[in-house]
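Biologist: Hi! I've just opened this one and could use a friendly tour. Can you pull it up so we can look together?

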Amino acid sequence: MMAMFRSFVSASSQLRQQQPNGGPGSLAAPAESIESQFSCPICLEVYHKPVSIASCAHTFCGECLQPCLQVTSPLCPLCRVPFDPKKVERSSSVEKQLASYKAPCRGCNKKVALVKMRSHIASCSKVQEQMANCPKFVPVVPTSQPIPSNIPNRSTFVCPFCGARNLDQQELVKHCMENHRNDPNKVVCPVCSAMPWGDPSYKSSNFLQHLLHRHKFSYDTFVDYSIDEEAALQAALALSLTEN
């Protein structure tokens with residue numbers, strides 16, 4: 001399923017990269033698809049301060065690409081091609097197009113310039129109403145345990161080296177082994193930091209070894225989050241001692 005999703009995102013992004021050179025009238029796509037054509041492949045929102053990678057010409061929000069620029073040998077989050085962080089430039093052409101084109105708001109349907117779409121959506125009452133009416137979490141199988149609130153995402157993770165997203169535990173291990181085997185950087189384990197006992201500031205000196213030894217199973221499969229945090233912390237410490 002993840003492979004199909006990535007193929008879809010990659011194909012959609014390639015279409016986005018083939019952006020028109022003319023004015024607003026030269027865009028052949030229907031108005032409702034303009035916003036998707038100018039959306040960042042990482043955050044899936046309209047570009048904000050867009051930057052482009054010179055080697056592959058893929059465009060991202062400047063802030064979204066920042067995690068990739070912090071590693072020794074960065075890879076494009078979309079095509080996985082290595083790139084020189086010094087050759088990432090502000091995309092003035094995309095900025096001009098964002099200012100030129102308009103698209104309907106997903107809530108009130110008002111035509112808004114793409115450059116102002118983010119701020120409009122943040123204040124649009126119709127969008128806020130849609131978000132408030134989103135389906136609530138309901139267990140597939142009846143359970144005696146109370147439905148937790150503010151459920152953290154412990155299903156997919158972000159690669160701490162390059163910022164690649166939507167990786168489950170097995171995909172994270174495979175991705176890091178294939179792309180970051182020789183990366184010397186100390187990084188925070190995204191799996192551990194998502195746990196109740198996780199320390200988001202602790203950096204593992206050998207992240208790949210940590211992944212292979214610590215995360216051979218899914219915590220959500222074996223851990224009962226109804227136990228108190230002290231018991232959870234004791235379990236984590238015991239597991240850590242077995243590693244060492």
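Biologist: Let's start with A99. Which helix is A99 found in?

Modeller: A99 is part of helix α4. Keep in mind as we go that this is a predicted model.

Biologist: Got it. Is A99 buried or exposed?

Modeller: A99 counts as exposed, because its relative accessibility is 51% and the cut-off for exposed is over 50%.

Biologist: And what is A99 in contact with, leaving aside its neighbours within four places in sequence?

Modeller: With those neighbours set aside, A99 is in contact with A113 and V115. V115 is 16 residues away along the chain, and the C-alpha atoms of A99 and V115 are separated by 5.3 Å.

Biologist: Does a record say anything about the region with V115? I mean, what does the UniProt annotation cover?

Modeller: The UniProt entry, which is unreviewed, annotates residues 105-124 as "domain: C2HC RNF-type". In the model, that stretch is 35% helix and 15% strand. The C-alpha atoms at its two ends are 9 Å apart.

Biologist: Back to α4 for a second. Is Q97 in that helix buried or exposed?

Modeller: Q97 is also found in helix α4, and Q97 is buried, with a relative accessible area of 9%. The cut-off for buried is under 20%. Along the chain, Q97 and F38 are 59 residues apart, while their C-alpha atoms are separated by 8.8 Å.

Biologist: Okay, new topic: the sheet of three strands. What order do the strands have?

Modeller: The order is β2-β1-β3, in an open sheet with antiparallel pairing. β2 (59-61) and β3 (88-90) stand at the edges with a single partner strand each, so one side of each has no neighbour in the sheet. From one strand to the next, the twist averages 35°.

Biologist: How many bridges join β1 to β3?

Modeller: Three bridges join them, and β1 (residues 50-53) runs antiparallel to β3. S52 stands opposite E89 in β3, and I53 has V88 of β3 as its bridge partner.

Biologist: What about β1 and β2, how many bridges there?

Modeller: Three bridges again, with β1 and β2 paired in the antiparallel sense. On this side, P50 has C61 in β2 as its bridge partner. The two strands form a hairpin with five residues between them.

Biologist: Which residue in the turn has a positive phi?

Modeller: That's A57, in the loop between β1 and β2. Its phi is about 70°, a positive value although A57 is not a glycine. A57 is partly exposed, with a relative accessible area of 45%.

Biologist: I also marked L44. What is the phi of L44?

Modeller: Phi of L44 is near 65°, a positive value in a residue other than glycine. L44 lies in the loop between α2 (34-37) and β1, and L44 is exposed at 52% relative accessible area.

Biologist: So what happens on the two faces of β1, covered or not covered?

Modeller: Both faces of β1 are covered. P50 and S52 point to one side, V51 and I53 to the other, and all of these are buried.

Biologist: Nice. Which strands does helix α3 lie across?

Modeller: Helix α3 (residues 62-69) lies across β1, β2 and β3, and runs at about 100° to β2. Helix α4 (residues 92-100) packs on the sheet too and touches β1, β2 and β3. The direction of α4 makes about 145° with that of β1.

Biologist: Let's jump to α7 and α9. At what angle do their axes cross?

Modeller: The axes of α7 (residues 169-179) and α9 (residues 207-214) cross at roughly 150° and come within 10 Å. The two helices are therefore roughly antiparallel to each other, and their crossing is left-handed. L172, V173, C176 and M177 of α7 make the contact with F207, L208, L211 and L212 of α9.

Biologist: Last one, zooming out. How many helices and strands does the chain have?

Modeller: The chain has 11 helices and seven strands. Of its 244 residues, 36% count as buried. Taking contacts between residues at least 6 apart in sequence, 47% join residues at least 24 apart.

Conventions. Residues are numbered from 1 along each chain as its sequence is written. This is a predicted model: local features need pLDDT of at least 70, side-chain atom pairs count only at pLDDT 80 or more; totals for chains, interfaces and linings use all residues. Side-chain values use heavy atoms; hydrogens and water are left out. Two strands pair if DSSP finds at least two bridges between them. Helices (H or I, at least four residues) and strands (E, at least two) are DSSP runs, numbered from the N terminus. Axes are lines fitted to C-alpha atoms, for helices over the stretch in contact, and angles run from 0 to 180 degrees between N-to-C directions. Contact means heavy atoms within 4.5 Å. UniProt positions are given in the numbering used here, feature names are shortened, and annotations may be inferred rather than shown by experiment. Buried means under 20% relative accessible area, exposed over 50%, partly exposed in between (1.4 Å probe, protein chains only). Angles under 35 degrees count as roughly parallel, over 145 as roughly antiparallel, 65 to 115 as roughly perpendicular and the rest as oblique. A crossing is left-handed if the near helix is turned anticlockwise from the far one by less than a right angle, and right-handed if clockwise.
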